[in-house]
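Student: Could you walk me through reading a protein structure, one feature at a time? I would like to begin with a strand and its partner.

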Amino acid sequence: MMGLWNNMLCFFGFADEDDLEEERLLENEGQTSSRRKGKVVSLHSTAGKNMNLVLTKPQKFEEAQKIVMHIKNNKPVLVNLETASAPDAKKIIDFVSGATFALDGDMRKVNQHIFVFAPANVDVSLEIYK
């Protein structure tokens, strides 16, 4: 399943093969970092600058502050709440969306459990094709 996800990230330009190969090597050595810390994916912009998208999968409300810290550091964050309990997911969304609003950022709902939070310097355009 992760192979398909990694292939999709490469296809859409959210990751490159070198990063994924390094991650596979670390997994084989048993040195992977916790998913709760968030994975940082490099985005290449037309302005020539690299932009990092942080992928997170928080399970508890206590992890919401880390998400806000990424936004404060001008990094967009994709938050996947599929494994969080409903009360924790609601608290996380309330906290992060409030902080994002206070920082003049933007929030977009991708689906029922996935959200994108972006700082003020990042424009988020969500187009879903069917």
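**Reading the structure together**

Tutor: Happy to, and let us begin with one pair: Asn80 stands opposite Ile114 in β5. Keep in mind as we go that this is a predicted model.

Student: In what sense do β3 and β5 pair, and over how many bridges?

Tutor: β3 and β5 pair in the antiparallel sense, over four bridges.

Student: And how do I read the side chains along a strand?

Tutor: In a regular strand the side chains alternate between the two faces of the sheet. Look along β3: Val77 and Val79 point one way, while Leu78 and Asn80 point the other way. All four of these residues are buried.

Student: Let me step back. How many helices and strands does the protein chain have?

Tutor: The protein chain has four helices and five strands. Starting at the N terminus, the elements run α-α-β-β-α-β-α-β-β.

Student: Which residues touch the most other members of the largest nonpolar core?

Tutor: They are Ile67, Leu81, Val96 and Phe117, in a core of 16 residues. Two or more residues come from each of α3 (64-72), β3 (77-80), α4 and β5 (114-118). Helix α4 gives the largest share of this core, five residues. Apart from this core lies another, of eight residues, including Leu55, Ile114, Val122 and Val124.

Student: What does Ile67 touch, not counting residues up to four places away in sequence?

Tutor: Ile67 touches Thr56, Pro58, Val77, Val79, Ile92 and Val96. You have met Val77 and Val79 already, as the pair that points one way from β3.

Student: Now for charges. How should I think about a salt bridge?

Tutor: Side chains of opposite charge can pair when their charged atoms come close. The structure holds two salt bridges. In one of them, Asp94 pairs with Lys90, and the closest N and O atoms are 3.1 Å apart.

Student: Why are Asp94 and Lys90 separated by about one helical turn?

Tutor: Because they are four residues apart in helix α4 (residues 86-102). As for their surroundings, Asp94 counts as partly exposed, at 43% relative accessibility, and Lys90 counts as exposed, at 56%.

Student: Which residue forms a salt bridge with Arg108?

Tutor: Asp106 does, with the closest N and O atoms 3.3 Å apart. Arg108 is partly exposed, its relative accessible area being 33%. Asp106 also counts as partly exposed, at 22% relative accessibility.

Student: Is Asp88 buried or exposed?

Tutor: Asp88 counts as buried, because its relative accessibility is 14% and the cut-off for buried is under 20%. Asp88 is found in helix α4. Leaving aside neighbours within four places in sequence, Asp88 is in contact with Gln59, Lys60 and Phe61.

Student: How far apart are Asp88 and Glu62 in sequence and in space?

Tutor: In sequence they are 26 residues apart, and in space 9.0 Å, C-alpha to C-alpha.

Student: What share of the contacts in the protein chain with a separation of 6 or more comes from residues 24 or more positions apart?

Tutor: Such residues account for 46% of those contacts.

Student: Let us finish with burial and surface. How many residues does the protein chain have, and what percentage count as buried?

Tutor: The protein chain has 130 residues, of which 30% count as buried. The chain exposes about 8,900 Å², and carbon and sulfur atoms supply 54% of that area.

Notes. Residues are numbered from 1 along each chain as its sequence is written. This is a predicted model: local features need pLDDT of at least 70, side-chain atom pairs count only at pLDDT 80 or more; totals for chains, interfaces and linings use all residues. Side-chain values use heavy atoms; hydrogens and water are left out. A salt bridge is a side-chain nitrogen of Lys or Arg within 4 Å of a carboxyl oxygen of Asp or Glu. Buried means under 20% relative accessible area, exposed over 50%, partly exposed in between (1.4 Å probe, protein chains only). A nonpolar core is a set of buried Ala, Val, Leu, Ile, Met, Phe, Trp, Tyr and Cys residues joined through side-chain atoms within 4.5 Å. Contact means heavy atoms within 4.5 Å. Two strands pair if DSSP finds at least two bridges between them. Accessible areas come from the Shrake-Rupley method with a 1.4 Å probe; for residues, only the protein chains shown count as cover.
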